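Here is a set of short exercises to work through with the structure open beside you. Try each task before reading its solution.

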Amino acid sequence: MIRFILLQNRQGKTRLAKYYVPLEDSEKHKVEYEVHRLVVNRDPKFTNFVEFRTHKVIYRRYAGLFFSMCVDITDNELAYLECIHLFVEILDHFFSNVCELDLVFNFHKVCMLCLHCVSQFTTMLRLLVVLCCCITYVFICSRRE
């Protein structure tokens with residue numbers, strides 16, 4: 001489950017924050033600061049997954065922006081990396097080569113696109129789970145014969 005999505009620049013200014021769990025404003029600012037410190041100081045040769053409290057932060061840097069998602073510790077990191085990439089591709093297509101100023105001056109459009117992307121991704125994950133269950137069932141049935 002996605003806990004929150006953050007879009008931050010290299011200086012730590014949050015350009016978009018979408019929380020899917022209730023947090024106080026002071027806790028939100030603390031989380032944004034901690035996540036920024038965590039990802040900006042991380043060596044690029046390491047993976048884009050890092051443990052954060054009792055969850056996992058999956059992040060990706062595009063130009064001067066960090067796209068970060070906090071998810072459950074058991075969730076698939078590569079699927080969420082793909083979701084981040086999909087979101088960036090959608091932004092890039094929508095804004096014709098997106099930049100930080102597009103996020104600042106078209107905040108409502110970016111929020112709408114973020115909600116749409118997350119809902120599409122959630123639907124895709126559900127379909128993948130059903131597909132995996134079907135494949136497992138077929139495999140088990142074929143082994144019995």
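**Exercise 1. A backbone angle in a loop**

Where is the place of A63?

Solution. This is a predicted model. Start with the position: A63 sits in the loop between β4 and β5. Next, look at the backbone, where phi of A63 is near 55°, a positive value in a residue other than glycine. Most residues other than glycine have a negative phi. Finally, check the surroundings: A63 is exposed, at 68% relative accessible area.

Now repeat the steps for S96. Its place is in the loop between α2 and α3, and phi of S96 is near 55°, again a positive value. With 59% relative accessibility, S96 counts as exposed.

**Exercise 2. The order of elements**

Trace the protein chain from the N terminus and write down its helices and strands.

Solution. Begin with the count: the protein chain has four helices and five strands. Then follow the path, which runs β-β-α-β-β-β-α-α-α. For the chain as a whole, buried residues make up 34% of the 145 residues.

**Exercise 3. The nonpolar cores**

Find the largest nonpolar core and the elements that supply it.

Solution. Step one is the core itself: it has 23 residues, and F67, M69, F87 and L91 have the most contacts inside it. Step two is the suppliers: β1 (2-9), β4 (55-62), β5 (65-72), α2 (77-95) and α4 (107-144) each give at least two residues to this core. The largest share, eight residues, comes from α2.

Step three is to zoom in on F67. Leaving aside neighbours within four places in sequence, F67 is in contact with ten partners you can click through: L6, L7, I58, Y59, R60, Y62, I84, F87, V88 and L91. Apart from the largest core lies another one, of twelve residues, including V35, V50, Y59 and C70.

**Exercise 4. Cysteines**

How many disulfides does a search of the whole structure find?

Solution. The search finds zero. As a follow-up, inspect two cysteines: C70 is buried, at 1% relative accessibility, and C83 is buried with a relative accessible area of 1%.

**Exercise 5. Salt bridges across the sequence**

Which parts of the chain does the salt bridge between R3 and D72 tie together?

Solution. The structure holds five salt bridges. In one of them, the side chains of R3 and D72 meet at 2.7 Å, N to O. R3 lies in strand β1 and D72 in strand β5, so this pair ties together parts 69 residues apart in sequence. D72 counts as buried, at 19% relative accessibility, since buried means under 20%.

Take R15 and E100 next, whose side chains also form a salt bridge (2.7 Å, N to O). Because R15 is in strand β2 (residues 14-19) and E100 in helix α3, the pair ties together parts 85 residues apart in sequence. R15 is partly exposed at 24%, and E100 is partly exposed at 23%.

End with E34 and R53, where the closest N and O atoms are 3.0 Å apart. E34 lies in helix α1 (residues 25-40) and R53 in the loop between β3 (49-52) and β4, so the parts tied together are 19 residues apart in sequence. E27, E34 and R53 are linked in a network of salt bridges.

**Exercise 6. A surface patch**

Which residues form a nonpolar patch on the surface with about 320 Å² of accessible area together?

Solution. They are L101, V104 and F105. L101 lies in helix α3 (residues 100-105), and L101 is exposed, with a relative accessible area of 53%.

Note on methods: Residues are numbered from 1 along each chain as its sequence is written. This is a predicted model: local features need pLDDT of at least 70, side-chain atom pairs count only at pLDDT 80 or more; totals for chains, interfaces and linings use all residues. Side-chain values use heavy atoms; hydrogens and water are left out. Patches are made of residues with over 30% relative accessible area and no salt bridge: like charges are joined within 9 Å, nonpolar side chains (Val, Leu, Ile, Met, Phe, Trp, Tyr) within 5 Å. Accessible areas come from the Shrake-Rupley method with a 1.4 Å probe; for residues, only the protein chains shown count as cover. A salt bridge is a side-chain nitrogen of Lys or Arg within 4 Å of a carboxyl oxygen of Asp or Glu. Buried means under 20% relative accessible area, exposed over 50%, partly exposed in between (1.4 Å probe, protein chains only). A nonpolar core is a set of buried Ala, Val, Leu, Ile, Met, Phe, Trp, Tyr and Cys residues joined through side-chain atoms within 4.5 Å. Contact means heavy atoms within 4.5 Å. A disulfide is a pair of cysteine sulfur atoms within 2.5 Å.
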